[in-house]
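The two exercises below are worked through step by step. Try each one on the structure before you read its solution.

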Amino acid sequence: MDLSPANPDPPARPVHGGIKEAELRELGLRLEDCLDFSASVSPLGPPEGVAEAIAAVDLTAYPDPHCLALTEAIAAHHVGDGVSIGNVIVGNGSTEIIHLLTRAWIGSPPADCNPSALLLTPTYGEYDGAVRISGGSVKTLTATRRSDGFAWDTSAVTVAIAAERPALTFICNPNNPTGVLMAREQLAMIADAVASVGGLLVVDEAYINLSERRADADVVALAAGHGSIVALRSMTKDYALTALRLGYAVASEPVIARLAVLQPDWSVNGLAQAAGLIAIADTAYLERARAAVAASRNCVVERLSDLGIRCYPTAANFVLAQVGDAGRLRDDLARRGLFVRDCTSFGLPDCIRIGLRPAEDCAKLADAIAEVWNEEPQP
Ligand SMILES: Cc1ncc(COP(=O)(O)O)c(C=O)c1O
């Protein structure tokens, strides 16, 4: 009997924020004594009523595999954008939907496209990971101009799409970790370039609900009608349902149907579905969350700028700060129970990303950074 050759090593998993138990043990810290600035979620915590809704879930019952009630509520939430339930799929975090997209579009690329994805980098690492797991290749267009806050040139993006003909093009808007926001007109231009090669544009709007500039940028209405655009939203981030994981996509009905056949039944658990229904019904929550983000951002930018630390402009609920040796500062802060994201894995080893928690937590972080800075100033 012939044994088939061993599979080549699987691609490495992407690096993510969040506090890991192994590091807490190494540092002798308890999670409840730490503050996590390395994941960027709503500073308000979950909306009122979520805890009660979760407690009322019958743990002996399977969740609805179709998330019907939540899908209806999401469609109603976006009714002004022309969204109906056939335009929505709910996932176990938007990350699950990223993987469904790469399985579908990289696994069976459209006739005139390559099994590849164009990524506008530096950006969220899961796109790269998901494309590679699906057997695709990754092309990148990297923003390097710090004086522009790492903005991309839209025409360079359209040229790259025409040359590479990727099955998927990913744009994170606002972008993780740079905070760059592309305007809707730019995205519409890119979507036309994508449509002309027969591919699909994925606009990951994980942070857009917490952005004051969302009205100029969000593409949900375009996605519902266009056929070549998918908009991703993260309720994990919008409503701080971080431990539950919840996200959704809006796209044309054929795109949603193609994703739905690949999704494992029950992947969105019953607690997340119940929490999502309460969250989306709380129509005042996001406005309050944006106000809290603005207050925290002002605090962080002001305090770090006073220390001579450069903070890049951001349209999101995190701040990218240029600090010299990011790994060293991150570790110094971690020993104090304050976790920020070292951006080395994004190709920015001199930057940290600070997820905006409530202003009093941000003030504690700024105090600790000042302490470290004064002990060992960086260039
Ligand atoms: C740009 C972006 N998209 C999606 C996600 C994942 O969100 P979810 O919890 O909805 O899977 C993250 C998490 O850091 C992210 O930064």
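**Exercise 1.** In this predicted model, determine how helix α3 and helix α11 pack, giving the angle, the distance between their axes and the handedness of the crossing.

*Solution.* Begin by locating the two helices, of which α3 covers residues 68-77 and α11 covers residues 270-281. Next, compare their axes, which are 9 Å apart and make an angle of about 20°. Angles under 35 degrees count as roughly parallel, and α3 and α11 are therefore roughly parallel to each other. Looking then at the sense of the crossing, we find that α3 and α11 cross in a left-handed way. Finally, list the residues that meet: α3 contributes A69, L70, A73, I74 and H77, while α11 contributes Q273, G276, L277 and I280. Sorted by class, this contact of α3 with α11 is made of six nonpolar and three polar residues, with no charged residues.

**Exercise 2.** Describe how the chain is divided into domains, and work out which element supplies the largest share of the side of domain 1 that touches domain 2.

*Solution.* First, set out the division: domain 1 consists of 21-45 + 285-375, and domain 2 consists of 50-281. Their C-alpha centres lie 26 Å apart. Then turn to the contact itself, in which 26 residues of domain 1 are in contact with 22 residues of domain 2. On the side of domain 1 that touches domain 2, α12 (285-306) and β10 (318-322) each supply at least two residues, and the largest share, six residues, comes from α12. As a last step, classify this side of domain 1, which has 17 nonpolar, seven polar and two charged residues.

Key: Residues numbered from 1 in each chain as written. Predicted model: local features only at pLDDT ≥ 70, side-chain atom pairs only at ≥ 80, totals over all residues. Domains from an automatic or database assignment. Contact = placed C-beta atoms within 7 Å. Helix = DSSP H or I, 4+ residues; strand = E, 2+ residues; numbered from the N terminus. Nonpolar A, V, L, I, M, F, W, Y, C, P; charged D, E, K, R; others polar. Axes fitted to C-alpha atoms, helices over the stretch in contact; angles between N-to-C directions. Parallel < 35°, antiparallel > 145°, perpendicular 65-115°, else oblique. Left-handed = near helix turned anticlockwise from the far one by under 90°.
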